[in-house]
There are 2 protein chains.
Amino acid sequence: MRAVYGAVLRSCRNFYSAVEGRIAQRIITLAYGHPPMWPDARLLDLLGIEHPIIQAPMAGAVSPEMVIQVSEAGGLGSLPCAMLTPDQARNDLGVIRQRTSRPVNLNFFCHTPPRSDPAMEARWRDRLRPYYAELGIDADAPNPAAIRNPFDDAFCRVVEEFKPEAVSFHFGLPTSDLLQRVKATGARVLSSANSVREARWLEERGCDAIIAQGFEAGGHQAMFLSHDVDTQVGTMALVPQIADAVKVPVIAAGGIADGRGIAAAFALGASGVQIGTAYLLCPEATIRPVHREALLSAHENETAMTNVFTGRPARGIMNRAMRVSVNVSVRPRTRKSPSS
Amino acid sequence: MRAVYGAVLRSCRNFYSAVEGRIAQRIITLAYGHPPMWPDARLLDLLGIEHPIIQAPMAGAVSPEMVIQVSEAGGLGSLPCAMLTPDQARNDLGVIRQRTSRPVNLNFFCHTPPRSDPAMEARWRDRLRPYYAELGIDADAPNPAAIRNPFDDAFCRVVEEFKPEAVSFHFGLPTSDLLQRVKATGARVLSSANSVREARWLEERGCDAIIAQGFEAGGHQAMFLSHDVDTQVGTMALVPQIADAVKVPVIAAGGIADGRGIAAAFALGASGVQIGTAYLLCPEATIRPVHREALLSAHENETAMTNVFTGRPARGIMNRAMRVSVNVSVRPRTRKSPSS
């Protein structure tokens, strides 16, 4: 795994030398008439890490071992808890705390779980029936769906028990009382924004750093104040606008896979980066061989946004399920048509 | 106008100092184990310009005066010819050549013009009839549509007559014989790619530089080997992958609006940038007051891709026409549905 992110960390450490700081300062000062935020060590100071690289919490793909290795290497390892029970999170975190004393991040979803809708379920099953038949699967068998659990009192007690250095949320923030309990543990609170408005919303509610998540990002878009996928913003355009809008450090996410992307993120005004996909090929990733092969063979223009798997827009490698459903799912025809 | 891009040019000039070159070289060499392509002066040498900034050719929005001012300031001014007749292009270029001896770029579309389809036209008119009625416009009046003319023999004769230093194409390249005539004039040939495959295709056919156009770019996406908008790639992810795939200089486009974006583009492996939207607020832009106001008041999450205006996917500020039509136009439901 070191080989995978070693170069990234090396380029980043080097980027932080004094002479580079002065050069950067001169460029930005000349261009804007005021001193730059870049390069800054605010994120390093805030989180107590060596390198401003957060390993993205990818539910279902990150092992405790990955968190340990990343944190030991000086980045911020993140344990995704959305697909764990509180007890599983407690167990994983116990393992992590035994193996590293460096800062770690716990990540939680804070969505409103969908209500069970048997009629809609039945329509989905009908729709998918031809595929069940084609693949020889019993369409009426019970569905062992992977449940995503939102942050709640039980998860909050895990945070209070283990006191991780950072807690990051996806899809906004939990209720105010839960958020205050998290902050009372001393954890730094992070959350993702897909727009300037979301970034301001998060800062106003006490986030210590904002993850500016561009349209390129793999996995779920955090979007919580808008559900319009049509107007989502790319990392290149989003990061400087969020950096201008908030005072807290900004972490760039989306489309960053090597030292070039990290350098670019800093140039855009970020104080750090969150990288996900690049970690999926580490031996510590818990993805299956079929997924590794897909990652290794996919070209740059073979991913798309879809909500067909969870109901929320997420980017993944285009596959058959998305190919037959992406249109009707991501862009539901709910807008007023000219004939209405 | 100087105020608008002065900062951009200053930051860029500064970026090219020797010490910054050495710093950059060290970062990239450490990260990748080989010397960087960045910063390089290849685009400056190729085009004979001072600053690696190309003013994007925006059909209908760029005056000859803008081209003159940009080229005189040391960038590459670009005259968009897609909405001009060859005689209009000849006139505009005559004005430009009188006022500047610096390099200029002529830009042409090379699409296949759509065939007139009266039945489809009638369906569009029927669909739009409620809006004509609402706005008090005669739905059956002749439609003075703005025609986009593809590059042809008549345009090629303008190129042969004026010998511009650069000719850029959108939507691929013209036929081989026209392309050879352009190259025979000594013009450097540029074209845009939205994927690695398109970049390689353009390089194989003799392009001297590739514009890597990310999903964020305003106006028409150049896409010509694929028409799948779902899988379009953001600038942050596209530029380094195209830079790795071709030997010619890469020009980053899409989401770049100030010195931060330029610095980021160079970090990603580009040798220059093409900037469009930032020039629309210059006095030399020929857009109307209503468009200026929209640009000044739009937030970052208020643009979307649509093909409702020309049939080709293009990014613009979300407006009512897009709001009622974007879904059915950009993502036509042509994919096989599970029920078929």
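# A chat about chains A and B

Visitor: Which residue just after α11(B) takes a positive phi?
Guide: Just after α11(B), B:Gly269 has a positive phi of about 115°. Helices here are DSSP runs of H or I with at least four residues, strands are E runs of at least two, and both are numbered from the N terminus.

Visitor: Before we go on, what am I looking at?
Guide: This is a predicted model, where local features need pLDDT of at least 70, side-chain atom pairs count only at pLDDT 80 or more, and totals for chains, interfaces and linings use all residues; side-chain values use heavy atoms, with hydrogens and water left out. Residues are numbered from 1 along each chain as its sequence is written, while chains are lettered from A and ligands numbered from 1 in the order in which they are written.

Visitor: Back to α11(B), then. How many of its residues are buried?
Guide: Ten of the ten residues in α11(B) are buried, meaning under 20% relative accessible area (exposed is over 50%, partly exposed in between, using a 1.4 Å probe and protein chains only). Among them are B:Arg260, B:Ile262, B:Phe266 and B:Leu268.

Visitor: And what does that helix touch in the sheet?
Guide: Helix α11 (residues 259-268) of chain B packs on the sheet and touches β1, β8 and β9 (272-275) of chain B. Contact here means heavy atoms within 4.5 Å. The direction of α11(B) makes about 135° with that of β9(B); axes are lines fitted to C-alpha atoms, for helices over the stretch in contact, and angles run from 0 to 180 degrees between N-to-C directions.

Visitor: In what order do the strands of that chain B sheet come?
Guide: Eight strands make an open, parallel sheet in the order β1-β9-β8-β6-β5-β4-β3-β2 (chain B). Two strands pair if DSSP finds at least two bridges between them. At the edges sit β1 (53-55) and β2 (77-80) of chain B, each pairing on one side only. From one strand to the next, the twist averages 25°.

Visitor: Nice. Is β8(B) covered or open on its faces?
Guide: Both faces of β8(B) are covered, with B:Val250 and B:Ala252 buried on one side and B:Ile251 and B:Ala253 buried on the other. This strand, residues 250-253, pairs with β6(B), residues 209-213, in the parallel sense over four bridges. B:Ile210 stands opposite B:Val250, and B:Ala212 has B:Ala252 as its bridge partner. Three bridges join β8(B) to β9(B), also parallel, with B:Ala253 partnered by B:Gln274.

Visitor: What about the edge strand β2(B), which residues are buried there?
Guide: B:Gly77 and B:Leu79 are buried on one face of β2(B), and B:Ser78 and B:Pro80 on the other. Strand β2(B) pairs with β3 (residues 104-109) of chain B in the parallel sense over four bridges, where B:Gly77 faces B:Val104.

Visitor: Switching to helix pairs: at what angle do α9(B) and α10(B) cross?
Guide: The axes of α9 (residues 196-204) and α10 (residues 235-245) of chain B cross at roughly 35° and come within 9 Å. B:Val196, B:Ala199, B:Arg200 and B:Glu203 in α9(B) meet B:Gln241, B:Ile242 and B:Ala245 in α10(B).

Visitor: B:Ile242 again in the core? Which residues touch the most other members there?
Guide: A:Phe169, A:Ile242, B:Phe169 and B:Ile242 do, in the largest nonpolar core, which has 137 residues. Such a core is a set of buried Ala, Val, Leu, Ile, Met, Phe, Trp, Tyr and Cys residues joined through side-chain atoms within 4.5 Å. In soluble globular proteins, nonpolar side chains tend to be buried together.

Visitor: Which residues does A:Phe169 contact?
Guide: Leaving aside neighbours within four places in sequence, the contacts of A:Phe169 include A:Phe108, A:Phe151, A:Leu179 and A:Val189.

Visitor: How many helices and strands does chain A have?
Guide: Chain A has 13 helices and eleven strands, and 55% of its 340 residues count as buried. An open antiparallel sheet of three strands there runs β7-β11-β10, with β7 (219-220) and β10 (303-306) at its edges. Four bridges join β10(A) to β11 (residues 314-317) of chain A, and A:Ala304 is partnered by A:Gly316.

Visitor: And A:Met120, where does that sit?
Guide: A:Met120 lies in helix α6 (residues 118-135) of chain A and is partly exposed, at a relative accessible area of 41%.
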